[in-house]
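Here are some exercises to work through with the model open beside you. Try each task before you read its solution.

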Amino acid sequence: MSEETFVINNDTEAMGGDIVIAPEVIEVIIGIAASKVEGVYGMRGNLASNVTELFGRASHGKGVFLKNDEDGLKVELYCYLNYGVTVPKVALAMQEAVKQQVLYMTDIDLTEVNIHVVGVVPEKLEGPNFDELFDSEEDE
């Protein structure tokens, strides 16, 4: 997580003043945009974010890391995908969604959005319906 703030340069100087965005705000925007892409199971968190979620509070910035260098703002996303999805398609959709949402909400153009798929989560199988099992035996 970056400790610096981001200042947006506005072309109109009629207002006077700066717009300053904390990195945590950008991380939350990125986390929400990425997790809403179809095929994404969730974002990778750490112990603190997992404990926060146990208490019922969502941690939207988990799995998001920002790096600001001379080229611009770079994003590293760590996520879990649903089993059966096409990984490159979902990753491209995540990149596009994140870039669009950050540009729309903050007017910051991201130079890189790197997606790291750390796992695939299998779909949950339904357990057997015991009523149907016992009914079929009684009919015989």
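The exercises go from the whole chain to one helix, and then to two residues of one strand.

This is a predicted model, in which local features need pLDDT of at least 70 and side-chain atom pairs count only at pLDDT 80 or more, while totals for chains, interfaces and linings use all residues. Residues are numbered from 1 along each chain as its sequence is written, and side-chain values use heavy atoms, with hydrogens and water left out.

**Exercise 1. Describe the chain as a whole: its elements, its burial and its contacts.**

Step 1: Start with the elements, taken as DSSP runs numbered from the N terminus (helices are H or I with at least four residues, strands are E with at least two). The chain has four helices and six strands, and their order from the N terminus is β-β-α-β-α-β-β-α-β-α.

Step 2: Turn to burial, where buried means under 20% relative accessible area, exposed over 50%, and partly exposed in between (1.4 Å probe, protein chains only). Of the chain's 140 residues, 29% are buried.

Step 3: Add the surface, computed by the Shrake-Rupley method with a 1.4 Å probe. The accessible surface is about 9,800 Å², and carbon and sulfur atoms hold 52% of that.

Step 4: Finish with contacts, meaning heavy atoms within 4.5 Å. Among contacts between residues at least 6 apart in sequence, 63% join residues at least 24 apart.

**Exercise 2. Check the span of helix H1 against expectation and list its buried residues.**

Step 1: Helix H1 covers residues 23–35, which makes 13 residues.

Step 2: The expected span is 1.5 Å times one less than the number of residues. From first C-alpha to last, H1 reaches 18 Å, close to the 18 Å expected.

Step 3: Pro23, Ile26, Glu27, Ile29, Ile30, Gly31, Ala33 and Ala34 are the buried residues of H1.

Step 4: As a reminder for reading such a list, an α-helix has 3.6 residues a turn, so residues three or four places apart point the same way.

**Exercise 3. Map the salt bridges that involve lysine 74.**

Step 1: Find lysine 74 in strand E5 (residues 72–82). Lysine 74 counts as buried because its relative accessibility is 15%.

Step 2: Apply the salt-bridge criterion, a side-chain nitrogen of Lys or Arg within 4 Å of a carboxyl oxygen of Asp or Glu. The whole structure has three salt bridges.

Step 3: Go through the partners of lysine 74 in turn.

- Aspartate 69 pairs with lysine 74, with the closest N and O atoms 3.2 Å apart; at 21% relative accessibility, aspartate 69 is partly exposed.
- Aspartate 71 bridges to lysine 74 at 3.9 Å, N to O, and is exposed at 51% relative accessibility.
- Glutamate 112 bridges to lysine 74 at 3.7 Å, N to O. This pair links distant parts of the chain, with glutamate 112 in strand E6 (residues 112–121) and lysine 74 in strand E5, 38 residues apart. Glutamate 112 is partly exposed at 31% relative accessibility.

Step 4: Put the pairs together: salt bridges with shared partners join Asp69, Asp71, Lys74 and Glu112 into one network.

**Exercise 4. Where does leucine 81 sit, and which residues does leucine 81 contact?**

Step 1: Leucine 81 lies in strand E5 and is buried, at 1% relative accessibility.

Step 2: Leaving aside neighbours within four places in sequence, leucine 81 is in contact with Gly39, Val40, Tyr41, Val87, Val90, Val117, Gly119, Val120 and Val121.

Step 3: Take glycine 39 from that list. Glycine 39 and leucine 81 are 42 residues apart in sequence, yet 5.8 Å apart in space, C-alpha to C-alpha.
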